[in-house]
Amino acid sequence: MQSSSGSSMPASAVPGERHAAAGRHGGAAMGPILLATDLSSRCDRALDRAILLARQFDVPLLVAHVLSPPHSLSLGTPVPVDLDRLVEQAEARMLRDLETLADGVRVALRVYTGEPAARLRQVADEEKCAFIVTGVARDETLGRMLLGTTVERLVREASQPVLVVKRRARAPYRDAVIATDFSPGSRWALRAALALVPSEALTLFHAFELPRGPLRDAAPGSEAAKGFQRMAEENAVDFVNATPELHGKPQPRVQVAAGRPERVVVEYVRQAQASLLVAGTQGAGGLAGALLGSVAEALLDRAPCDVMVVRQPRQA
């Protein structure tokens, strides 16, 4: 692990900030991997994945922790806090977590103050980070994953792809399922997935719901259901053909299924034992367009694998 202290620091940082230089992969400029950590055990798996990604792309790993403003007492008197000591403790914890794990990886440790999600988004933009990697907590009583407010806000607001890590990282992703509604937002999700997984290891998964009325109760093998399935498969072919990044490459698999997206996507991912689920956050309705609401929460909550959410750039 390499770490260097900068001679100066931005006004937005607190004492103890460390810096790293930009990295390159395959001759093309690529920004660092940003690990957003709250220093709890929820980020252990995210740390392992972030280190793997940094090695895979030969780029620096930027480990960032944000100290939230201290709460005030009920009478309005601020709680005394030794900021320098908190910074030192945070850095010591990060160094301890990274010890022996990040050999050969250029690592930068940074501690900030402020609202965590906003500060992390700012850092990711300023450093031109390629991905934001973070983790989830597990509620042992309920047996489910807990995202937390910071993770939820990052997923909804960050410009960079946000990778929410659930599984232990032992190797690069072997495959990925891309939840798609064939919109421009879905294409940005596909592009992000191609940075991590070869095209032949990708599955484009489209879930469609039959229109309200008598057709909604049609059996999966009915002519009506088959008609909607054929239409979706044709849209998938058009989507692939209109994606320049796939030209001349092995084509991804296409899977179409009827049902509520948050149910059938998770069911497929579980049956296929996929290592990564990818989805976009902008689209003309359907899965990608709904990701800012209940479908996003359902996928992030229920998917058994890691989930990467990709926002379509506003200017795109």
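These questions and answers cover salt bridges and one helix in a predicted model.

The model is predicted: local features need pLDDT of at least 70, side-chain atom pairs count only at pLDDT 80 or more, and totals for chains, interfaces and linings use all residues. Residues are numbered from 1 along each chain as its sequence is written, and side-chain values use heavy atoms, with hydrogens and water left out.

Biologist: How many salt bridges does the count come to?
Modeller: The rule asks for a side-chain nitrogen of Lys or Arg within 4 Å of a carboxyl oxygen of Asp or Glu. By that rule, the count comes to nine.

Biologist: Which residue meets Arg-153 in a salt bridge and lies in the loop between β7 and α3?
Modeller: Helices (H or I, at least four residues) and strands (E, at least two) are DSSP runs, numbered from the N terminus. Arg-153 lies in helix α4 (residues 149-157) and its partner in the loop between β7 (107-113) and α3 (116-126), so the pair ties together parts 38 residues apart in sequence. The N to O distance is 3.2 Å, and the partner is Glu-115.

Biologist: Which residue four places away in α4 also forms a salt bridge with Arg-153?
Modeller: The two are separated by about one helical turn. The closest N and O atoms are 3.2 Å apart, and the partner is Glu-157.

Biologist: How far apart are the end C-alpha atoms of α7?
Modeller: The expected span is 1.5 Å times one less than the number of residues. Helix α7 (residues 261-272) has twelve residues, so it should span 16 Å. The model agrees: its end C-alpha atoms are apart by 16 Å.
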